[in-house]
Amino acid sequence: MMTRRRLLALGAAGLGALAVGDAGRETTTPARPLARRRAVIRSTGTAPRQHRRVRPEPAAPVPARADAVHQLHDLFPTAPPNAIALTIDDGPQPEWTPKMLDLLAEFDVKATFSLIGIQVKQFPRLAERIVQAGHQLCNHTMTHPLDIASLSKRNVDREITEAHDRIGDATGVAPKFFRSPGGAWSHTIYHSAARHGMIPIDWDIDPRDWARPGTGHIKRAMLKAKGGDILLCHDGGGDRSETIKALRKVIPELKKRGLTFVAL
Ligand SMILES: [Zn+2]
């Protein structure tokens, strides 16, 4: 019987589910020590019951990569040639994530949100709203340390595990993707992500919207996107009005060129 959590996970799985299905791979979930399997259910005051989630079982490890994915077809060779993936980093954030979700819904675009653990802890409902809207999730560490490539194995593991648990508690989903803060990678990071069953994801279209370079700059950078590209934008980290304004023009323009937005 399919549980609600499984349904949610499938609903958010995007191309990943397709690829796994195509390859016919079956994964088994290793047992986890009891203390870590407990359902983390907090008092949510007047919150309706259905907003409580049970932390998912950990994903099976995947082989470690020696680099991060920049192109959709590196990840999903059978994806249509006109597919592009929009990734949105550093949320959830109470002002800009809802605006981003509304915009994506308006244009019927599914995207991938790279979530920061401490923000998920603070805004679990927003994390859940992202999943319920059918978007994919990516682990973006607990505290977003920009020096992560120089951190010890223990500290990298902690950053990844804590974020994984917070995202799982809030949404019932174990992310299958990991994005390192600032795109900083190391052997240690690739291996830690792989142990958690995650594929490292980078980008190849970066409008540097986090630096607020102006709506025009963001638009021009994003309109260079071609089929197979992974695009980077932000809903966290500050005033994202330029990003929202730019996407409002960029999304319909890229669609007009025949490109299709897919979640990872
Ligand atoms: Zn980031």
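Strand β6 (residues 230-234) runs alongside β1 (83-91) in the parallel sense, the two being joined over five bridges, and Ile88 stands opposite Cys233 in β6. Strands are counted as paired here if DSSP finds at least two bridges between them. Helices (H or I, at least four residues) and strands (E, at least two) are DSSP runs, numbered from the N terminus. This is a predicted model, so to speak of local features takes a pLDDT of at least 70 and side-chain atom pairs count only at pLDDT 80 or more, while totals for chains, interfaces and linings use all residues. Residue numbers start from 1 along each chain as its sequence is written.

β1 has other parallel partners too. With β2 (residues 112-115) it shares four bridges, and Thr87 has Thr112 as its bridge partner there. Getting from β1 to β2 takes the chain through α5, in a right-handed β-α-β crossover (with the strands pointing away from the viewer, the path from the first strand over the helix to the second runs clockwise). β7 (residues 260-261) pairs with β1 over two bridges, again in the parallel sense, and Ala83 is matched with Thr260. Eight of the nine residues of β1 are buried, so the strand is largely enclosed by the rest of the structure. Buried means 20 or more other C-beta atoms within 10 Å of a residue's own, exposed means 12 or fewer, and partly exposed is in between, with C-beta atoms placed from the backbone.

Just past β1, the Gly91-Pro92 peptide bond is cis, with omega about 0°; Pro92 sits in the loop between β1 and α5 (96-106).

α5 also packs on α11 (residues 241-256), at an angle of about 5° and with the axes 11 Å apart. Axes are lines fitted to C-alpha atoms, for helices over the stretch in contact, and angles run from 0 to 180 degrees between N-to-C directions. The two helices are therefore roughly parallel, a label for angles under 35 degrees. Lys99, Met100 and Leu103 in α5 meet Ile244, Leu247 and Arg248 in α11, contact being C-beta atoms, placed from the backbone, within 7 Å.

Two non-glycine residues turn up with positive phi. His144, at about 60°, is in the loop between β3 (136-139) and α8 (153-171) and is buried, with 21 other C-beta atoms within 10 Å. Arg208, near 50°, lies in the loop between β5 (199-200) and α10 (215-222) and is exposed, with 12.

Methods
Parallel < 35°, antiparallel > 145°, perpendicular 65-115°, else oblique. Contact = placed C-beta atoms within 7 Å.
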